[in-house]
Amino acid sequence: MSMAVIGLIAGMGLGFAGYFGGFGAFLLVAALGAVGFVVGRVLDGDLEPGDLFRTRESREREERRGR
């Protein structure tokens, strides 16, 4: 499935949540969608869990050490 179709489906889901559930439901669906996206990227191996919690300085130090 292409990214455009996935984006269309996500947008429609957010639209339905906003229309039928109000702004609070819209925010909840958007937040859970973002969490699901991050978890999916981690499970696919595209994102390391430590990348979300390390600071820029610690990453720069690791790069200087040759990691």
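Me: A pocket is an open set of points on a 1 Å grid over the protein atoms alone, with protein on both sides within 12 Å along at least five of seven lines; lining residues have an atom within 4 Å of a point. Which residues line the largest pocket here?

Reply: Rolling a probe the size of a water molecule over the atoms shows where empty space is left. This is a predicted model, in which local features need pLDDT of at least 70 and side-chain atom pairs count only at pLDDT 80 or more, while totals for chains, interfaces and linings use all residues. Residues are numbered from 1 along each chain as its sequence is written, and side-chain values use heavy atoms, without hydrogens and water. The lining of the largest pocket consists of Met3, Ile6, Ala10, Gly13, Leu14, Val29, Ala30, Gly33, Ala34 and Phe37. The volume of this pocket is about 230 Å³, counted as the space filled by probe spheres set on the points.

Me: How many residues of that lining are nonpolar, polar or charged?

Reply: The lining has 8 nonpolar residues, 2 polar ones and no charged ones. In this scheme Gly counts as polar, while Ala, Val, Leu, Ile, Met and Phe are among the nonpolar types.

Me: Where is Gly33, one of the lining residues, and is Gly33 buried or exposed?

Reply: Gly33 sits in helix α1; a helix is a DSSP run (H or I) of at least four residues, numbered from the N terminus. Gly33 has a relative accessible area of 41%, so it is partly exposed (buried is under 20%, exposed over 50%, partly exposed in between, with a 1.4 Å probe and protein chains only). Gly33 and Leu14 are 19 residues apart along the chain, and their C-alpha atoms are separated by 9.3 Å.

Me: How many aromatic pairs are there?

Reply: Rings of Phe, Tyr and Trp (its six-membered ring) pair if their centres lie within 6.5 Å; planes under 30 degrees apart are stacked, over 60 edge-to-face, and the rest tilted. The count here is 3 aromatic pairs. In one of them, Tyr19 and Phe20 meet edge-to-face, with 4.9 Å centre to centre and 85 degrees between the planes. Tyr19 is exposed because its relative accessibility is 67%, and Phe20 is exposed at 61%. Another pair, Phe23 with Phe26, is stacked, at 6.0 Å centre to centre and 25 degrees between the planes. Tyr19 and Phe20 also form one aromatic cluster with Phe16.

Me: Why are Phe23 and Phe26 separated by about one helical turn?

Reply: They are 3 residues apart in helix α1 (residues 3-44), so about one helical turn lies between them. Phe23 counts as exposed, at 58% relative accessibility, whereas Phe26 is partly exposed, at 29%.

Me: What about the protein as a whole: how many helices and strands are there?

Reply: The protein has 2 helices and 0 strands. Pro49 lies in the loop between α1 and α2 (56-64) and is partly exposed, with a relative accessible area of 43%. Its C-alpha atom and that of Glu60, 11 residues further along the chain, are separated by 17 Å.

Me: What is the radius of gyration of the protein?

Reply: The protein has 17 Å, whereas a compact globule of 67 residues would have a value near 11 Å (taken over C-alpha atoms; the globule rule is 2.2 Å times the number of residues to the power 0.38). The C-alpha trace spans about 55 × 30 × 15 Å along its principal axes. Of the 67 residues, 4% count as buried.

Terms used:
1 Å grid on protein atoms, 1.4 Å probe; cavity = no way out; pocket = protein on both sides within 12 Å on 5 of 7 lines; lining within 4 Å.
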